Amino acid sequence: MFIYKIMSKSDFDVFKENEVFLGAGVDITDGYIHFSIGNQVEETAQKHFSGRNDLHLVWTISELLGNSLKWEISRNNQTFPHLYRAWYYREVVDSCKLPLIGDQHKFPDLL
């Protein structure tokens, strides 16, 4: 299953350069890296990244992350994927810019 992470361009650039992502902001505070599945990621963008014009959508396949990926109840009593370890760039399947069109982010058709 594809799982998605929204991150700033600067965080994504550091991720690519260092080949490891330890989290940012709320990830560090909560002690795990937050991901969303396809039907959650747009709401995640609206709730946590509204108006931001510097974003990338980065995705992987849940099976690549092994037993450190936990599915836990979170927003609106939905189950979200949380990664309890570093995320390695070799585990990234793909990424794209997440442009802001008006007041909405434009997501790729794959969702």
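Select Phe12, Phe15, Phe21, Phe35, Trp87 and Tyr89 to begin: ring pairs link these residues into a cluster. The model on display is a predicted one, and the values quoted in this tour are computed from it.

**The aromatic cluster**

The structure holds eight aromatic pairs in total. A pair of aromatic rings is described by the distance of the centres and the angle of the planes. Keep Phe15 and Trp87 visible and hide the other side chains. The two rings form a tilted pair, with 4.9 Å from centre to centre and 45 degrees between the planes. Phe15 belongs to helix H1 (residues 9–18) and Trp87 to strand E7 (residues 87–88), so this pair ties together parts that are 72 residues apart in sequence. Phe15 has a relative accessibility of 0% and therefore counts as buried. Trp87 likewise counts as buried, at 0% relative accessibility.

Now add Phe35 to the selection. Its ring centre lies 4.8 Å from that of Trp87 and the planes stand at 75 degrees, so the pair of Phe35 and Trp87 is edge-to-face; the cut-off for that class is over 60 degrees. Phe35 sits in the loop between E3 and H3, whereas Trp87 is in strand E7, so the pair ties together parts that are 52 residues apart in sequence. Are Phe35 and Trp87 buried or exposed? Both of them are buried.

**Helix H3 and its cover**

Move next to helix H3, residues 41–49, and show the side chains of Val41, Thr44, Ala45 and Phe49, which are buried. Turn the view until it runs down the axis of H3: the buried residues of the helix fall within an arc of 100 degrees, so they line one face of it. What covers these buried residues? The cover includes strand E1 (2–8), strand E4 (55–61), strand E6 (79–83) and strand E10 (104–105). Select Gly51 as well; this residue follows H3 and has a positive phi, near 80 degrees.

**The sheet that contains E6**

Strand E6, one of the elements covering the buried residues of H3, leads to the next selection. Display E3, E6 and E5 as a cartoon. These three strands form an open sheet in the order E3-E6-E5, with antiparallel pairing. Strand E3 (33–34) and strand E5 (69–73) are the edge strands, each of which pairs on one side only. Between E5 and E6, the antiparallel pairing extends over five bridges. To examine a single bridge, select Glu72 and its partner in E6, which is Phe80.

**The whole chain**

Finally, restore the full cartoon and follow the backbone from the N terminus. How many helices and strands does the protein chain have? There are three helices and 10 strands. Their sequence from the N terminus on is β-α-β-α-β-α-β-β-β-β-β-β-β. The radius of gyration of the protein chain is 13 Å, close to the 13 Å that the globule rule gives for 111 residues, so the chain is as compact as a globular protein of that length. Along the principal axes, the C-alpha atoms fill a box of roughly 40 × 35 × 30 Å.

A contact map gives a complementary view: of the contacts in the protein chain with a separation of 6 or more, 75% are accounted for by residues 24 or more positions apart. Colouring by accessibility then shows the distribution of burial, with 38% of the 111 residues counted as buried. With the surface switched on, the protein chain exposes about 6,300 Å², of which carbon and sulfur atoms supply 49%.

Notes. Residues are numbered from 1 along each chain as its sequence is written. This is a predicted model: local features need pLDDT of at least 70, side-chain atom pairs count only at pLDDT 80 or more; totals for chains, interfaces and linings use all residues. Side-chain values use heavy atoms; hydrogens and water are left out. Buried means under 20% relative accessible area, exposed over 50%, partly exposed in between (1.4 Å probe, protein chains only). Helices (H or I, at least four residues) and strands (E, at least two) are DSSP runs, numbered from the N terminus. The arc is that of the directions from the helix axis to the C-beta atoms. Contact means heavy atoms within 4.5 Å. Two strands pair if DSSP finds at least two bridges between them. The radius of gyration is taken over C-alpha atoms; the globule rule is 2.2 Å times the number of residues to the power 0.38. Accessible areas come from the Shrake-Rupley method with a 1.4 Å probe; for residues, only the protein chains shown count as cover. Rings of Phe, Tyr and Trp (its six-membered ring) pair if their centres lie within 6.5 Å; planes under 30 degrees apart count as stacked, over 60 as edge-to-face and the rest as tilted.
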